[in-house]
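Reader: I'd like to learn how to read a model like this one, feature by feature. Could you take me through it?

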Amino acid sequence: MYFPLDVGKYILDFDADSGSIHSHLFEKGVDYDNAYRLLTLVYASDEDAQALACEPGAPLWRVQLELSDRTGRPVEYAENLFLADRMQLGITNVRGTTSPLEVMLTD
């Protein structure tokens, strides 16, 4: 996760076990409302494999997040890797609206 300094200062004392980092930032007055997520299939490097307890070359989902405020100013950039067999994707289509993507992690 990467944050501009004026946003990142609010997470220096954040306890990750206390709840959502995004809720915490919102409570601190960080205004964000645009989220762009890019999902791509990648293969585990040696470092990824060690961290995720899988074989090098195993398929992984890479989820990149770009969060910005109403003016387009970046608020956060994050990149997460998930084992391909532990994630599902779902899309709900409603005529006349955008189609949000739902990402579900499985055990």
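Author: Gladly. Let's begin with a pair of strands: β2 and β3 run antiparallel and are joined by nine bridges. For one position across that pairing, look at leucine 65, which stands opposite alanine 78 in β3. Keep in mind throughout that this is a predicted model.

Reader: What is found in the hairpin of β2 and β3, between the strands?

Author: There are five residues between the two strands, and glycine 72 in this hairpin takes a positive phi near 95 degrees.

Reader: How many bridges hold β1 and β2 together, and in which sense do they pair?

Author: They pair in the antiparallel sense over 10 bridges, with β2 covering residues 59–68. You can follow the register residue by residue: alanine 35 has leucine 67 of β2 as its bridge partner, and tyrosine 36 stands opposite glutamate 66, also in β2.

Reader: In what order do the strands form the sheet?

Author: The order is β1-β2-β3, three strands in an open sheet with antiparallel pairing. Strands β1 (34–43) and β3 (74–83) each have a single partner strand, so they stand at the edges and one side of each lacks a neighbour in the sheet. From one strand to the next, the twist averages 15 degrees.

Reader: Where does the sheet sit in the chain as a whole? Which pattern does the chain follow along the sequence?

Author: Along the sequence the pattern reads α-α-β-α-β-β-β-β, which is three helices and five strands. Of the contacts with a separation of 6 or more, 37% are between residues 24 or more positions apart.

Reader: How much of the chain counts as buried?

Author: Of its 107 residues, 26% count as buried. The accessible surface is about 7800 Å², and carbon and sulfur atoms account for 51% of that surface.

Reader: Next, individual residues. What does tyrosine 32 contact, leaving aside its neighbours within four places in sequence?

Author: First, its place: tyrosine 32 lies in the loop between α2 (21–27) and β1. Its contacts are His22, Ser23, Phe26, Leu67, Ser68, Asp69 and Val75. For a link across the sequence, take arginine 73: it is 41 residues away from tyrosine 32 along the chain, with 8.9 Å between their C-alpha atoms.

Reader: How should I read the rings of phenylalanine 26 and tyrosine 32?

Author: With rings, look at the distance between centres and the angle between planes. Two aromatic pairs are counted in this model. For phenylalanine 26 and tyrosine 32, the centres are 6.2 Å apart and the planes are at 80 degrees, so the pair is edge-to-face; the cut-off for that class is over 60 degrees.

Reader: Is phenylalanine 26 buried or exposed?

Author: Phenylalanine 26 is exposed, at a relative accessible area of 53%.

Reader: What about leucine 52: which residues does it touch?

Author: Leucine 52 is in helix α3, and it touches Leu60, Leu81 and Leu83, not counting residues up to four places away in sequence. Leucine 52 and leucine 81 are 29 residues apart in sequence, yet their C-alpha atoms are 8.7 Å apart. The relative accessibility of leucine 52 is 28%, so this residue counts as partly exposed.

Reader: Which phi does alanine 53 have?

Author: Alanine 53 has a positive phi of about 55 degrees, although it is not a glycine. Its place is in the loop between α3 and β2, and at 73% relative accessibility it counts as exposed.

Reader: Last topic, confidence. Which element has the lowest mean pLDDT, and which the highest?

Author: Strand β5 (residues 101–105) has the lowest, at 65, and helix α3 (residues 46–52) the highest, at 96. For the chain, the mean pLDDT is 87, with 89% of residues reaching 70 or more. As a general habit, predicted coordinates should not be read in detail where pLDDT is low.

Definitions and conventions: Residues are numbered from 1 along each chain as its sequence is written. This is a predicted model: local features need pLDDT of at least 70, side-chain atom pairs count only at pLDDT 80 or more; totals for chains, interfaces and linings use all residues. Side-chain values use heavy atoms; hydrogens and water are left out. Two strands pair if DSSP finds at least two bridges between them. Helices (H or I, at least four residues) and strands (E, at least two) are DSSP runs, numbered from the N terminus. Axes are lines fitted to C-alpha atoms, for helices over the stretch in contact, and angles run from 0 to 180 degrees between N-to-C directions. pLDDT is the predictor's confidence in each residue, from 0 to 100. Rings of Phe, Tyr and Trp (its six-membered ring) pair if their centres lie within 6.5 Å; planes under 30 degrees apart count as stacked, over 60 as edge-to-face and the rest as tilted. Buried means under 20% relative accessible area, exposed over 50%, partly exposed in between (1.4 Å probe, protein chains only). Contact means heavy atoms within 4.5 Å. Accessible areas come from the Shrake-Rupley method with a 1.4 Å probe; for residues, only the protein chains shown count as cover.
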